[in-house]
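I opened the notebook to write down what I looked up in this one, entry by entry.

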Amino acid sequence: MLPQVQLLFMVVFLEMGLILMFLFRTPLRKLIIMSLDRVKRGSGPLIVKSVAATVLVIMIYTVYSIKELQSRPADSVNPTDQILLAHQILEAALMGFSLFLGLMIDRLHHYIRELRLLRKTMEAVKKQDRTLDNIKNGEASTLRDEISSLRNRMKQLESESEAKEKEVQSQRANSDSLKGQSEKLLLEYDRILEENQNLRSQLQSVDDTLSHSDNKKNT
């Protein structure tokens with residue numbers, strides 16, 4: 001019986017030591033986590049569950065034996081039975097405590113793995129956010145450059161439009177001037193035609209007069 005109790009004490013102290021190592025971030029904790037990761041691969045979980053189920057069955061049998069001894073009359077219990085009862089109570093307590101510590105180790109290992117995954121996910125999200133911020137900053141800088149170039153282009157187009165408008169106004173002024181000159185030339189042409197017509201009429205009249213006077217002289 002004593003070797004079994006010693007073994008249970010060793011298991012309990014080992015589990016308590018593992019739990020304490022889980023509480024502090026040391027290289028040894030990382031090694032323990034990696035070892036537990038390997039244990040939980042393949043047939044490891046089945047073996048651990050089988051051992052835990054065996055210990056649980058033994059603990060239940062021990063508790064049943066304790067109940068059986070306690071149910072005996074006080075007169076029939078001798079010192080040997082009392083020592084056996086105390087020994088079985090110690091064994092049942094150590095087995096129950098060992099199972100409880102094993103469950104704690106399993107949960108701590110699970111939570112530490114989840115925490116590591118969450119940290120990795122958060123780091124990936126932070127990196128992605130930084131990348132997006134850099135992209136946004138780059139896009140914002142590109143947009144600013146495009147807006148600046150568009151503004152410069154607008155100013156250039158406005159200046160070109162003003163120059164074209166001045167040119168059109170100048171051409172309109174020239175056109176109006178040419179139109180006025182052409183109207184004046186037309187009027188002058190009409191006046192010259194009229195004077196020419198008058199001169200022709202006068203010349204015709206003079207010719208008629210001369211021819212009439214010549215006819216009179218011949219007569």
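Below are my notes, from the overall shape down to single side chains.

**Entry 1: what kind of model**

I started with the source: this is a predicted model. I kept that in mind for everything below.

**Entry 2: the fold**

I looked up the secondary structure and found 4 helices and 0 strands. Read from the N terminus, the order is simply α-α-α-α. How spread out is the chain, set against a compact globule? The radius of gyration comes to 60 Å, while the globule rule gives 17 Å for 219 residues, so the chain is more spread out than a compact globule. I then checked the C-alpha trace, which spans about 205 × 35 × 30 Å along its principal axes.

I also picked a pair of residues to get a feel for the distances. E68 sits in helix 3, and its C-alpha atom is 139 Å from that of S182, with the two positions 114 residues apart along the chain. E68 itself is partly exposed, because its relative accessible area is 41%, and the cut-offs for that class are 20% and 50%.

**Entry 3: surface and contacts**

Next I looked at burial. Of the 219 residues in the chain, 13% are buried. The accessible surface is about 17900 Å², and carbon and sulfur atoms account for 62% of that. For contacts I took pairs at least 6 apart in sequence; 73% of those join residues at least 24 apart.

**Entry 4: the nonpolar core**

Which residues touch the most other members of the largest nonpolar core? I got F22 and L94, in a core of 17 residues. Helix 1, helix 2 (27-39), helix 3 (44-70) and helix 4 (79-218) each give two or more residues to this core. Helix 4 supplies the largest share, with 7 residues.

I followed L94 a bit further. With its neighbours within four places in sequence set aside, L94 is in contact with V5, L8, F9 and V12. I wrote F9 down for the next entry.

**Entry 5: the aromatic pair**

I searched for ring pairs and the count came to 1 aromatic pair. How are the rings of F9 and F13 arranged? Their centres are 6.2 Å apart and their planes make an angle of 20°, so I logged the pair as stacked. The cut-off that settles this is an angle under 30 degrees.

Both rings belong to helix 1 (residues 2-23), where F9 and F13 are 4 residues apart, about one turn of the helix. I checked the exposure of each partner too. F9 counts as partly exposed, at 32% relative accessibility. F13 is at 56% and counts as exposed. The cut-off for exposed is over 50%, so the two residues fall into these classes.

**Entry 6: salt bridges**

How many salt bridges did I find? The count is 3. I went through them in sequence order.

The side chains of D106 and R107 pair up, at 3.2 Å from N to O. D106 is partly exposed at 26% relative accessible area, and R107 is partly exposed as well, at 34%.

Further along, E188 and R191 form a salt bridge, at 2.0 Å from N to O. These two residues are in helix 4, 3 residues apart, or about one turn of the helix. I have E188 as partly exposed at 34% and R191 as partly exposed at 35%.

R191 also forms a salt bridge with E195, where the closest N and O atoms are 2.5 Å apart. R191 and E195 are separated by about one helical turn, because they are 4 residues apart in helix 4. E195 counts as partly exposed, with 38% relative accessibility. Which residues end up in one network through shared partners? I noted E188, R191 and E195, joined by salt bridges that share partners.

**Entry 7: recap**

To close the page, I put the main points side by side. The chain has 4 helices and 0 strands, and buried residues make up 13% of the chain. The largest nonpolar core has 17 residues, with helix 4 giving 7 of them. On the side-chain level I have the stacked pair of F9 and F13, the D106 and R107 salt bridge, and the network of E188, R191 and E195.

Methods:
Residues are numbered from 1 along each chain as its sequence is written. This is a predicted model: local features need pLDDT of at least 70, side-chain atom pairs count only at pLDDT 80 or more; totals for chains, interfaces and linings use all residues. Side-chain values use heavy atoms; hydrogens and water are left out. Rings of Phe, Tyr and Trp (its six-membered ring) pair if their centres lie within 6.5 Å; planes under 30 degrees apart count as stacked, over 60 as edge-to-face and the rest as tilted. Buried means under 20% relative accessible area, exposed over 50%, partly exposed in between (1.4 Å probe, protein chains only). A nonpolar core is a set of buried Ala, Val, Leu, Ile, Met, Phe, Trp, Tyr and Cys residues joined through side-chain atoms within 4.5 Å. Contact means heavy atoms within 4.5 Å. A salt bridge is a side-chain nitrogen of Lys or Arg within 4 Å of a carboxyl oxygen of Asp or Glu. The radius of gyration is taken over C-alpha atoms; the globule rule is 2.2 Å times the number of residues to the power 0.38. Accessible areas come from the Shrake-Rupley method with a 1.4 Å probe; for residues, only the protein chains shown count as cover.
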